Amino acid sequence: MSSSNPEKQPVVDDAPKTDHAYDGIEEFDNPLPGWWKWLFIATIAFCPFYWLYYHGGTPGRSIEDGYGVALAANTRLQFEEIGELQPTEATLVEYMHKDNWLRVGKIVFQTHCVSCHDRDGQGKVGPNLTDEYFKNITTIEDIAKVVNNGAAAGAMPKWSNRLHPNEVVLVSSYVASMRGQNLEGPRGAEGKTIPPWPEPTASSEDAAEPESSEE
């Protein structure tokens, strides 16, 4: 075997260098390609428009909202499992305690209702849905009636012609579940206090147990 030379051999490099030198470290004059620079500048110029469109606060444009819409569309295919729900007191109370279906109601709410009631129901143009005061509601069934038919001379629009009947029931159950959270909103308390929602029946609780255990 040949012995190695312990002395470091000088490296001869005629590549052009810049005038920059930091503690003896030199920099090769090897600029990036022009197309790369312009692509980088284009992405920077594109960023503000992307941010304004997808993160500017307009409901329904974020990735999360888009996912929610897609999930809701997929869930409609699953409605065959439960048939067509009727907005009765027993059904609304039952689905208040079924977390998997309540999430569908939440998606419907966040897709269609946040512009008036804000994302968590604390109210914006429309009233706060998280306190104990209600303007057009006396019983839990009235929530579905308001969703279906509207209220306040059209200030609350009717949704019976835009939502699946099951979506009406599920979003009504979700709205009912907001009660008692008492989130602070801009409008303050409106309306009157009403009796608490009915308790779920034993059959409703039994039906909810296996669903919660799967999570």
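Visitor: By class, which residues does the lining of the largest pocket have?
Guide: The lining has 24 nonpolar, 6 polar and 3 charged residues. Please keep in mind that this is a predicted model.

Visitor: How much space lies in that largest pocket, and which residues are closest to its centre?
Guide: The space comes to about 640 Å³. The lining counts 33 residues, and H117, P127, L129, V146 and M156 are the closest to the centre.

Visitor: What makes P127 count as nonpolar and H117 as polar?
Guide: Pro is on the list of nonpolar residues, so P127 belongs there. His is on neither the nonpolar nor the charged list, so H117 falls among the others, which count as polar.

Visitor: Which elements each supply at least two residues of this lining?
Guide: They are helix 4, helix 5, strand 3, helix 6 and helix 7.

Visitor: Let us stay with H117. Where does H117 lie, and how do you know whether to call this residue buried or exposed?
Guide: H117 lies in helix 5. Its relative accessibility is 12%, and buried means under 20%, so H117 counts as buried.

Visitor: What does the side chain of H117 reach, and why is that called a polar contact?
Guide: The side chain of H117 reaches the backbone oxygen of P127 at 3.1 Å. The cut-off for a polar contact is 3.5 Å, so a distance of 3.1 Å is within the limit. Setting aside residues up to four places away in sequence, H117 touches F109, Q122, G123, K124, G126, P127, L129 and M156.

Visitor: How about N128: where does this residue lie, and is N128 buried or exposed?
Guide: N128 sits in the loop between helix 5 and strand 3. With 9% relative accessibility against a limit of 20%, N128 counts as buried.

Visitor: Which partners does the side chain of N128 have?
Guide: One is the backbone oxygen of Q122, reached at 3.3 Å. Another is the side chain of T130, in a polar contact of 2.7 Å. Beyond four places in sequence, the residues in contact with N128 include Y133, L183 and E190.

Visitor: On to charges. How many salt bridges does the structure hold, and why is the pair E132 and R179 called one?
Guide: The structure holds 5 salt bridges. In this pair, the closest N and O atoms of E132 and R179 are 2.7 Å apart. A salt bridge needs a Lys or Arg side-chain nitrogen within 4 Å of an Asp or Glu carboxyl oxygen, so this pair qualifies.

Visitor: What makes E132 partly exposed and R179 buried?
Guide: E132 has a relative accessibility of 31%, which lies between 20% and 50%, so the label is partly exposed. R179 has 14%, which is under 20%, so R179 is buried.

Visitor: What about D142 and K145: how far apart are their closest N and O atoms, and how are the two placed in their helix?
Guide: The closest N and O atoms are 3.8 Å apart, and the limit is 4 Å, so this pair also counts as a salt bridge. D142 and K145 are 3 residues apart in helix 6, which separates them by about one helical turn. An α-helix has 3.6 residues a turn, so residues three or four places apart point the same way. D142 is buried, at 14% relative accessible area.

Visitor: Which other salt bridges are there?
Guide: E94 pairs with K98, with their closest N and O atoms 3.0 Å apart. K98 has a relative accessible area of 7%, so K98 is buried. K135, R187 and E190 are linked in a network of salt bridges.

Visitor: Which residues of helix 3 are buried, and what covers them?
Guide: T91, L92, V93, Y95 and M96 are buried in helix 3. The cover includes helix 4, helix 6 and helix 7.

Visitor: Finally, how much space lies in the second largest pocket, and what lines that pocket?
Guide: About 240 Å³ of space lies there. Its lining has 13 residues, with E64, G68, I107, Q110 and R119 the closest to the centre. By class, the lining has 4 nonpolar, 4 polar and 5 charged residues. Helix 2 gives the largest share, 6 residues.

Terms used:
Residues numbered from 1 in each chain as written. Predicted model: local features only at pLDDT ≥ 70, side-chain atom pairs only at ≥ 80, totals over all residues. Heavy atoms only, no water. Buried < 20%, exposed > 50% of the residue type's maximum accessible area, 1.4 Å probe, protein only. Helix = DSSP H or I, 4+ residues; strand = E, 2+ residues; numbered from the N terminus. Contact = heavy atoms within 4.5 Å. 1 Å grid on protein atoms, 1.4 Å probe; cavity = no way out; pocket = protein on both sides within 12 Å on 5 of 7 lines; lining within 4 Å. Points joined across faces, edges and corners; volume = space filled by probe spheres on them. Polar contact = N/O pair within 3.5 Å; in protein donor to acceptor, adjacent residues only side chain to side chain.
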